[in-house]
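User: I'd like to go through this structure and ask why things get the labels they do. Can you set each value against its cut-off for me?

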Amino acid sequence: MLLILHPNTQESDPAFKKTMTHLQQLSGVTIKQHEVRGQLQSLREIYLLGDTYALDLEEIESLPAVEKVIRISDEYRILGRHKDQQRRSGFHYQGLAFDQDSLNIFAGLCAVDNPKHVEEMLRALKANGLSCTRMGAYKPRTNPYAFQGHGKDCLPWVFDLAGKYDIKVIAMEVTHESHMQEIDRALAEAGRPCGVIMQIGTRNTQNFELLKAIGKQNEYPALLKRGFGITLNESLNAAEYLASEGNSQVIFCLRGMKSEFGAPHRNMVDFAQVPTVKRLTRMPVCIDPSHSVGSRDVAPDGVLELCHATAQGVLAGANMVLVDFHPAPTKALVDGPQALTLNELEPFLKDMEIAKKAYLERVKVWQSAASDD
């Protein structure tokens, strides 16, 4: 059972204290709290887990701090929609909206290699009006002898350069709880010039101890990539692990499924499931075309296949794009063959702007059709 409290309810409010006193007397019920922060107000949600079917709905609704009560299904208890289309989705971070209506482009280096390339990348982002990027400091690799990333050693100059070029948010993969601590320490020493979204890669989608560690903190949002060898349901439940520990600032990323049926692409592109994830959950949905397509092959119409795939995701309502760019792809230490060049950044953004406008027009068509019924 989900209790949505009146906006801006504080723990010190008498109504909140009276409500919690009543709830704490319920037998067989576990109480979990979550705060959803918006730009103008915050909403506090209380989840009653356990034997809730015997509870009197009207009695719970009458509690002084409660605005609305929703009976929730077993799946995705915190992140799910539960047939409530009016429920707030997403969150705000570093002044940016991350929800099911927004579109944020995170273009950048799959793996940080040197300060020169990082600065060239960030300069290009600023010139094109972007304030988000991806920067891989920690890189889990299939081959133990491949480049594993510079780790904590590159964080000071990456964050300094982010401040220099007004980058607000960096998506950065972590593979161990200690990486969060290293990032937090480096950000503090740099004066916190930007924010970081803790990215959980496809290999760690079911690393439950890492999920719990990221879920227990609320300072940094999380971006969870779909596991390349598990079902969508299993991946969504991995996201629920984060929320169940207290951090509901979660973005879900579709990055392709590992399958020979996707060849010659690197993975089977799964962007048709963008609206499915939005229907089942309240999470913003990200797409990663670089790791889905995995090449710079050009279609007969002159458009890169990677850009066609990205547009398909945006046309389906994607809210975030995680895409590889590099000033010199042939010199990239990781995934150079799939990285776009800086000269392609401007046309890529124009292409995605067209796709976003087309998506909005498509929505209008179907909303109009529904209103005519």
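User: Where is asparagine 204, and why is asparagine 204 called buried or exposed?

Analyst: Asparagine 204 sits in the loop between β10 (195–200) and α6. Helices here are DSSP runs of H or I with at least four residues, strands are runs of E with at least two, and both are numbered from the N terminus. Buried means under 20% relative accessible area, exposed means over 50%, and partly exposed is in between (1.4 Å probe, protein chains only). Asparagine 204 has 12% relative accessibility, so it counts as buried. Keep in mind that this is a predicted model, where local features need pLDDT of at least 70, side-chain atom pairs count only at pLDDT 80 or more, and totals for chains, interfaces and linings use all residues. Residues are numbered from 1 along each chain as its sequence is written, and side-chain values use heavy atoms, with hydrogens and water left out.

User: What does asparagine 204 touch?

Analyst: Leaving out residues up to four places away in sequence, asparagine 204 touches Val174, Thr175, Leu210 and Leu211. Contact means heavy atoms within 4.5 Å.

User: Leu211 is in the contact of α6 with α7, too. What makes α6 oblique to α7?

Analyst: The axes of α6 (residues 208–215) and α7 (residues 232–244) come within 7 Å and cross at roughly 40°. Axes are lines fitted to C-alpha atoms, for helices over the stretch in contact, and angles run from 0 to 180 degrees between N-to-C directions. Under 35 degrees is roughly parallel, over 145 roughly antiparallel, 65 to 115 roughly perpendicular, and the rest oblique. That's why α6 is oblique to α7. The crossing is right-handed, a label given if the near helix is turned clockwise from the far one by less than a right angle (anticlockwise would be left-handed).

User: Which residues make the contact of α6 with α7, and how do they divide by class?

Analyst: Phe208, Leu211, Lys212, Ile214 and Gly215 of α6 meet Ala238, Tyr241 and Leu242 of α7. They divide into 6 nonpolar, 1 polar and 1 charged. Ala, Val, Leu, Ile, Met, Phe, Trp, Tyr, Cys and Pro count as nonpolar, Asp, Glu, Lys and Arg as charged, and the others, Gly among them, as polar.

User: How do you know whether serine 235 is buried or exposed?

Analyst: Serine 235 is in helix α7. With a relative accessible area of 0%, serine 235 is buried. Its contacts, not counting residues up to four places away in sequence, are Thr205, Leu224, Arg226, Gly227, Ile230 and Phe252. Serine 235 and threonine 205 are 30 residues apart in sequence, with their C-alpha atoms 6.8 Å apart in space.

User: Thr205 also touches lysine 225. Why is lysine 225 classed as buried or exposed?

Analyst: Lysine 225 lies in strand β11 (residues 222–225). At 5% relative accessibility, lysine 225 counts as buried. Beyond four places away in sequence, the residues that lysine 225 touches include Arg134, Gln199, Asp288 and His291.

User: What about α10 and α11: why are they called roughly parallel?

Analyst: The axes of α10 (residues 305–315) and α11 (residues 345–372) come within 8 Å and cross at roughly 30°. The two helices are therefore roughly parallel to each other, and their crossing is right-handed. By class, this contact has 9 nonpolar, 1 polar and 3 charged residues.

User: Which residues of α10 are buried, and what do they pack against?

Analyst: The buried ones are Leu306, Cys307, Ala309, Thr310, Ala311, Gly313 and Val314. They pack against α8 (274–280), β13 (285–287), α9 (289–293), β14 (320–324) and α11.

User: What makes glutamine 94 and aspartate 166 worth a look?

Analyst: Start with the general rule. Most residues other than glycine have a negative phi, and most peptide bonds are trans. Glutamine 94, in the loop between β5 (91–93) and β6 (96–98), has a positive phi of about 55°. Aspartate 166, in the loop between α4 and β9 (169–173), has a positive phi near 60°. At 37% relative accessibility, glutamine 94 counts as partly exposed. Aspartate 166 is also partly exposed, at 46%.

User: And which peptide bond is cis?

Analyst: The bond from alanine 263 to proline 264 is cis, with omega near 15°. Proline 264 is in the loop between β12 (250–254) and α8.
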